[in-house]
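Here's a set of exercises to work through with the viewer open. Try each task yourself before you read the solution.

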Amino acid sequence: MDAGTHTRVSLEALYSISNAVNASLDLNVLLPHALEKVLEVFDFPSGVIRLLDPLTGELVLTAHQGLPEEVVTTRCKIRVGDAPGGLAAQRRELLVVDDLARSPYVHSPWVRHGYHTFVSVPLQCKVMLLGCLSMADTRVRPFEAADRELLTALANQVGMALGNAELYAAAQRKIEYLAALHQCSQDVGPAPDLDRALQLTTERMAQLVRLERTLVVYWLPESGELVGTASSGFSEEEVRQLRACLEALPLAASVLQGRQPVVSEDPAAEGLLPADFVYRTRMCAALAVPLVAHDQVIGLLLGDRCEQPLRLSPDEIELAMIFANQASVWIANARLFLAEQAARAEAEAAQARFRVLLESAPDAIVILNSDGRILLVNTQAEKVFGYRQEELLGQSIETLMPERYRKVHITHRAHYHSHPRTRPMGVGLDLLARRKDGSEFPVEISLSPTSTENGAVVISVVRDITERKRAEERQTTQFAVSRILAEAATIGDAIPRLLQALCEGTGWEVGELWRGDPLANRLRWEATWHASSLQVRELEAISREITFPSGVGLPGRVWATGQPEWIIDVATEGDFLRSDTASREGLHGAFAFPIQSGGKVTGIMVFFSRGTRQPDDNLLRMMADIGSQIGQFMERKRAGEALRESEKRLQAILDNSTAVIYLKDTQGRYIFINRWFETVFNTSREQVAGQTDYDLFPKEMADAFRANDQNVLEAGAPLEIEEAAPHQDGIHTYISIKFPLYDSTGVPYAVCGISTDITERKRAEEERAHLLASEREKSEQLKLSVREAHHRIKNNLQAISDLLYLELSSKSGASASDALRESMERIQAIALVHDLLSQEEDVRVVDARAVVERLVPMVLRSSGLSPATVALNVQVPSVPLSSKKATALALIVNELVSNAAKHAFAGRQGGRLQVRLEQTDDGLLLRVQDDGPGLLPDFDLHTHANVGLIVVQTLAERDLNGKLTLGGGPGLVAQIWFPW
């Protein structure tokens, strides 16, 4: 196919494969379609796509077209590096074999089925090998460079699709695993039914990890005594035998000591299980995963596929570890539950005695023993800390503290119990407590030690002072905002400090500013601040890329309504566009408020927290006031910046102007001059300020300038005046546009002048007028002479052509007809040059491109060929040639094209013809090439050349002072170099 068709088909293939990628991530749909398109583009009858199996390292046949049944069934899997199909995958580069029968791969199965041309290309995504695509043809055919580039591009497209499909499949597997774990937790329920939980674990693990049998055994870490088992797929007898084996046989050190999962291909030989048990249960290979809780190995999870090999993917190994961890948690929780039950029963008696007193207190009360364990709490403590009473009993008091304070508090607590004393409420300490959901809040705590029949206890009264602290912090925040707005010089200086102050003052970890773009009607990201303990690179990166239209997303909704909005958890918010990104970076709570000025929303501030937060109306009201404050500040700064920017632009325009620009007050004193004024008159703004024209120029010129300024003030309108001013090289002439400037009351206060030096222009205009008149006269005379000469030459040539035509019509001999036709074509070539000469402005030269582009189709038609049937490639630059060289070039091209029509295309409807003119360092090189049979092996220009080639040689040497060379191509290649 020609180049245009090839490009169109290539683009269609790329477009089609791209559409398939976007439409489906199903490889069963994508790969056959991609293979079909590739084969269609390159016109190959057969092809195959093989994908790399990461577990076996083999290339597996996944899609095929036009293959013999034997190849499909016997060659469904090959190794990377197998010739020739696996070589491209091994080398990571395109492999092209023009003829398999003549290649090192002659024994390939492709040869047995009659294939000759073979092409294979690796399929990659970034640097990861995913497979290969191979094509074969029974024909021996070339594979050009353009084909290689296109196939590589198509393979890259398919590789990207495979990578996306693999990512999608991995994500689906993760979702499936998480869903299975969630469902397992849901099925187990909140009650610690350990047997049911472990049974579900074995069943779900067998299903998802593709195991036929699974078993969980667990023991007491203190004594090593086996406590229980749960299995799926093992018979009761096999479980009993395995339990006995485990009690008598130490497990492999790599499992119990290394605490890592192990896949054993021979569990008997590796000492994992007894040989007789392995043989009785037909266990070919086994997976062993330790159960670890509280840094102790408490059990083992086993699985196998009976007599089948056990090849597990990394995802399946990871899933087995997750199930093992879940089982460990359930076992540990069950034991912990039993311990809590005992502690709770011990504390119930003491709780009954104090319950009435505790429940009547307005503050939270927590009673501790000497070990810092919670013995009793009142209902108010449950409300304050978010725990149920049974969750707190027996727990360390450090549970109610931020984790960063716990170790230090243990030391303080021990010191207090050794020296107990009463500590009243509000002693000036800044204390923080921690709720069950992880949130922290400020408190005041009083301590009262006392003795009971069960020993010394401490009664702690905890008062939540969140609202009081919040009011203080918000007042401080408002003061900080006001201070920042007062101190900031620009909006850019204020924004980071504002975000930091608002986040730190209100306890939010991330703050963003979005500015409104009124032209695009979208919100664009402006800035982000985050706490140093948090990284939000992904959130900031996506925020830089996206914009929010009105009403879309949290910022867009606030922009549309002008009202603040609160989201408790962005992960559950359907219209929060960045929810996945925020969740990945640990962000959940969010709120946004508008920045307003003059009743118009100009921006949005958005804040995030790591924990979920309930709506806070007081905070939203405060932020609404701050938003108005910031909006007014931004409006003032924006107006000031716009004014300064406008002044800078005006100053830049004035200083970069080549006109002399100046301002003078009504008394003639200079107020301003631009840089060009300084340059022209060799002065400076400081020197000119306050001076008059009489201080700078001769009196007669100063009088003229002052009079013109007075005329402008009296006229009250702009005037254009021609003025003269002194320069170092003499007096220069200026065109000055002067106009009055008025103050707000309409009184003129200055005259502005813009003076342009027209000295050279006036001088040039005078010279140009003389030159134009002279050139016009010469041009008219020359045109008349050329047109008259052209007319005579054209008429003479036409007459010669007519006579030759009559003589041609009267001749019956073929040789006479050919001679006359060739003479007539030469005359038409000369006429073409003269015709082009008459159309040029410069009648002494003609454009080489115009000569060749018009002459070649004319010669082909004269030879009985249609230009449409000839693959014609004309590459001639626009080069001006003298009439003599242009005529010689036309006659040479005429002879060579005519020669190709007679000899190269003889017996054919057409062929390929290239005419190229190249510029070299010392001349021009004309190259004419056809795809005919070419020259005879013993061809000699002096003995075998026809009349046309002799004419070409004569013209090249005589008229062009050049040199003719002939050679093979394919076809005939004629080159004429001549100086330019």
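**Exercise 1. A charged pair in the pocket region**

What is the relative accessible area of Glu440, and is Glu440 buried, partly exposed or exposed? Work that out, then look at the partner of Glu440 in a salt bridge.

*Solution.* Keep in mind that you're working with a predicted model.

Step 1. Glu440 has a relative accessible area of 36%. The cut-offs are under 20% for buried and over 50% for exposed, so Glu440 comes out as partly exposed.

Step 2. The partner is Arg404, with 2.8 Å between the closest N and O atoms. Glu440 belongs to strand E15 and Arg404 to helix H14 (residues 403-418), so the bridge joins distant parts of the chain, 36 residues apart.

Step 3. Do the accessibility check on the other end: Arg404 reaches 51%, so Arg404 counts as exposed.

Step 4. Now look for a ring around Arg404. Arg404 lies over the face of Tyr405, 4.8 Å from the ring centre.

**Exercise 2. Mapping the largest pocket**

Describe the largest pocket: its volume, the residues around its centre, and the elements that line it.

*Solution.*

Step 1. Start with the space: the largest pocket holds about 1400 Å³.

Step 2. Its lining has 37 residues, and Ser439, Glu440, Thr506, Gly507 and Arg613 are the closest to the centre.

Step 3. Go through the elements. Strands E14 (431-434) and E15 (440-452), along with helices H15 (466-487) and H16 (491-506), each give two or more residues to the lining. H15 makes the largest contribution, with 6 residues.

Step 4. Sort the lining by class: 16 residues are charged, 11 polar and 10 nonpolar.

Step 5. Pick out Arg613 again. The charged end of Arg613 sits over the ring of Trp508, 4.5 Å from the ring's centre.

**Exercise 3. Two more salt bridges, two settings**

Take the pairs Glu512 with Arg578 and Glu526 with Arg515. For each pair, find where the residues lie and how accessible they are.

*Solution.*

Step 1. Glu512 and Arg578 form a salt bridge with an N to O distance of 2.9 Å. Glu512 is in strand E17 (residues 510-517), while Arg578 is in the loop between strand E20 (565-567) and helix H19 (579-584); these are distant parts of the chain, 66 residues apart. Both Glu512 and Arg578 are buried.

Step 2. For Glu526 and Arg515, the N to O distance is 3.4 Å. Strand E18 (residues 522-530) carries Glu526 and strand E17 carries Arg515, so this bridge ties together parts 11 residues apart in sequence.

Step 3. Check accessibility here too. Arg515, at 19%, is buried, whereas Glu526, at 34%, is partly exposed.

Step 4. Put these in context: the structure holds 35 salt bridges.

**Exercise 4. Classifying ring pairs**

Which geometry does each pair have, stacked or edge-to-face: Trp508 with Phe591, and Phe593 with Phe607?

*Solution.*

Step 1. The structure has 19 aromatic pairs in total. For Trp508 and Phe591, the ring centres are 4.8 Å apart and the planes are at 70 degrees, so the pair is edge-to-face.

Step 2. Trp508 lies in the loop between H16 and E17 and Phe591 in strand E21 (residues 589-597), 83 residues apart. Both rings belong to buried residues, Trp508 and Phe591.

Step 3. Phe593 and Phe607 are 6.0 Å apart centre to centre, with 5 degrees between the planes, and the pair is stacked. Phe593 comes from strand E21 and Phe607 from strand E22 (residues 600-609), so the pair ties together parts 14 residues apart in sequence.

Step 4. Phe593 counts as buried at 0% relative accessibility, and Phe607 is buried with 0% too.

**Exercise 5. The largest cavity**

What lines the largest cavity, and which residues of its centre turn up in other groupings?

*Solution.*

Step 1. The whole structure has 3 cavities of 30 Å³ or more, and the largest holds about 140 Å³.

Step 2. It is lined by 15 residues, with Tyr662, Phe681, Phe705, Glu723 and Ser755 closest to the centre. By class, the lining has 9 nonpolar, 4 charged and 2 polar residues.

Step 3. Compare with the aromatic cluster: Tyr662, Phe681 and Phe705 are among its members, which also include Tyr670, Phe677 and Phe697.

Step 4. Glu723 belongs to a salt-bridge network with Lys664, Asp693, Asp709 and Lys738.

Key: Residues numbered from 1 in each chain as written. Predicted model: local features only at pLDDT ≥ 70, side-chain atom pairs only at ≥ 80, totals over all residues. Heavy atoms only, no water. 1 Å grid on protein atoms, 1.4 Å probe; cavity = no way out; pocket = protein on both sides within 12 Å on 5 of 7 lines; lining within 4 Å. Points joined across faces, edges and corners; volume = space filled by probe spheres on them. Helix = DSSP H or I, 4+ residues; strand = E, 2+ residues; numbered from the N terminus. Nonpolar A, V, L, I, M, F, W, Y, C, P; charged D, E, K, R; others polar. Salt bridge = Lys/Arg side-chain N within 4 Å of Asp/Glu carboxyl O. Buried < 20%, exposed > 50% of the residue type's maximum accessible area, 1.4 Å probe, protein only. Phe/Tyr/Trp six-rings, centres within 6.5 Å; stacked < 30°, edge-to-face > 60°. Lys NZ or Arg CZ within 6 Å of the ring centre and 35° of its normal.
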